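Visitor: Please take me through this model feature by feature, giving the general idea before the case at hand.

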Amino acid sequence: MRIKLHGTRGAYPTSSRETQKLGGKTPCIEIIEKNERLILDAGTGILNIDFDSYYTSVRIDILLTHLHMDHIQGLGFFKPIFDPNKEIHIWGPGGSSYTLKDRLNRFLSPPLFPVMLRDIPSKLVIHELPNEPFKLGKFLITSKFVCHPGPTVGFRIQFGSKSVTYIPDHEPMLSSQHLFKEDNWISGFDLCKNTDLLVHDSQYSSGEYENKAGWGHCSMEIAAELSARARARRLVMFHHDPEQTDRDRTKIFRKFLSTHRYDFPIELAVQGHEIEV
Amino acid sequence: MSAHEIEIILSRQLADCLTVPVFIVDPEGTLIFYNEPAEQILGKRFQDTGEMRVGDWGNDFYPHDEKGNTIPPADLPLVQTINSHVPAHKTFWIKSMEGKSFKISVTSIPIIGRSKEFAGALAVFWDNDLKL
């Protein structure tokens, strides 16, 4: 199973030279196994996917963790949505007083977007995520609500014995620098347990987090602690703060590495990188 | 053991920050968390007891009425909420570790989150003699 990182930046896209290495596009990753593909989140990173080459079948599946703008900004602009021969299945969290379709419609309609959801040329099929694991092709998908403002899920995607966990926006503990000591009291724990790859929110340093408690994101320290507790085999630190340059992020990351020791690889997410598990 | 639902986890995070006693139970009525102020009522520390089954914690603080008659667990608000999945409220007496009775009011609410499934219940205890 391959995981391609198309968008790694959080909050809003950046285009400066100083953010080119880690990438300026907002969250979108692709899970690939031979001819089967899944798209997770539809930030501006989705615009980097080569749909002409790799999405020749009619159906495309997009799984949304939540509807914050940085995770859906690319939805109205990616090529297949204007193709009447395409069937686009969008999966996202329910759990609101409004349906997923109603909530998406707020973004995909004037004045925020020139075209009404109902007038989009492709066939859109919108699914609220079930509470139970489900299959798309050969991928087994589990979603769980996690701690982040508004209905937000994390995903665990399994293919055979391999798994990848994607929790791009997550504040497992509010106002605390450590997790509860009991594993079953940790938000997202089951999704992360023994996963081969964890792609996880790590927007802040521990110092920055002190002033950003309750904003829905976590520190590199918490991401690594969760990863270690859940025995994830590899951690990719995701959702880079757009106010920080690549140099800033790298400096914070190096400082983190110099003060912590873990027995699994940890790296910063780099837009365009492909990871094999 | 599976992780608790996010609404339960967030309830504990809230309870951790409160100075009023809070009890959290799972759908079966097992007491899965109580905060430090609640430890004063139970006379036990959560880190020592861990989870407690409903028959155990329901009797531990000797709930009784004005005349001293014991109130069975099934009549306690938290147990009623577990059974009915609706909020419940009751004023009654409990005994401190020193054997002194004091009057409390208990309000319990069901915890039903975005999955629409009953994840448990939360109860707040209020000491009626407390002077703020």
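Visitor: Let us begin with helix H6 of chain A: is it mostly covered or not, and how many of its ten residues are buried?

Guide: A residue is called buried if 20 or more other C-beta atoms lie within 10 Å of its own, exposed if 12 or fewer do, and partly exposed in between, with C-beta atoms placed from the backbone. Helices (H or I, at least four residues) and strands (E, at least two) are DSSP runs numbered from the N terminus. On these terms H6(A), residues 220-229, is mostly covered, with seven of its ten residues buried; they are Met220(A), Ile222(A), Ala223(A), Ala224(A), Glu225(A), Leu226(A) and Ser227(A).

Visitor: What do the buried residues of H6(A) pack against?

Guide: Contact here requires that the C-beta atoms of two residues, placed from the backbone, lie within 7 Å. The buried residues of H6(A) pack against H4, S11, strand S12 (235-238), helix H7 (246-259) and strand S13 (266-268) of chain A. After the helix comes Arg231(A), with a positive phi near 55 degrees.

Visitor: Before going further, what kind of model is this, and how are its parts labelled?

Guide: It is a predicted model, in which local features need pLDDT of at least 70 and side-chain atom pairs count only at pLDDT 80 or more, whereas totals for chains, interfaces and linings use all residues. Residues are numbered from 1 along each chain as its sequence is written, while chains are lettered from A and ligands numbered from 1 in the order in which they are written.

Visitor: What scores does the model have, and which elements of chain B have the lowest and the highest mean pLDDT?

Guide: The model scores ipTM 0.83 and pTM 0.92. The predictor's confidence in each residue is its pLDDT, from 0 to 100, and where it is low, the predicted coordinates should not be read in detail. Chain B has a mean pLDDT of 89, with 95% of its residues at 70 or more; among its elements, helix H4(B), residues 54-60, has the lowest mean, 76, and S1(B) the highest, 96.

Visitor: How should I read the sheet of chain B, and what is the order of its strands?

Guide: Strands of a sheet pair through backbone hydrogen bonds, either parallel or antiparallel. Two strands are taken to pair if DSSP finds at least two bridges between them. In chain B, five strands form an open sheet in the order S2-S1-S5-S4-S3, with antiparallel pairing. Its edge strands, each pairing on one side only, are S2(B), residues 31-34, and S3(B), residues 88-95. Within the sheet, nine bridges pair S4(B), residues 101-112, with S5(B), residues 118-127, in the antiparallel sense, and Ile104(B) has Asp127(B) in S5(B) as its bridge partner.

Visitor: Which strands does helix H1 of chain B lie across, and how does it run relative to S1(B)?

Guide: For such angles, axes are lines fitted to C-alpha atoms, for helices over the stretch in contact, and the angles run from 0 to 180 degrees between N-to-C directions. H1(B), residues 6-17, lies across S1 (22-25), S2, S4 and S5 of chain B and runs at about 165 degrees to S1(B). Helix H5(B), residues 77-84, also packs on the sheet, where it touches S1, S3, S4 and S5 of chain B, and its direction makes about 20 degrees with that of S4(B).

Visitor: Turning to chain A, how do S1(A), S2(A) and S3(A) pair?

Guide: S1(A) pairs with S2(A) in the antiparallel sense over five bridges, and S2(A) pairs with S3(A), residues 36-40, in the antiparallel sense over five bridges. Ile32(A) in S2(A) is the bridge partner of Arg2(A) and stands opposite Arg37(A) in S3(A). The hairpin of S2(A) and S3(A) has two residues between the strands, and Lys34(A) there takes a positive phi near 50 degrees.

Visitor: Where does Ala11(A) lie, and is it buried or exposed?

Guide: Ala11(A) lies in the loop between S1 (2-7) and S2 (28-33) of chain A, and has a positive phi of about 70 degrees although it is not a glycine. Ala11(A) counts as buried because it has 20 C-beta neighbours inside 10 Å. Asn194(A), which is not a glycine either and has a positive phi of about 55 degrees, is exposed, with 10 other C-beta atoms within 10 Å.

Visitor: Finally, how many residues does the contact take from each chain?

Guide: The contact takes 17 residues from chain A and 13 residues from chain B.
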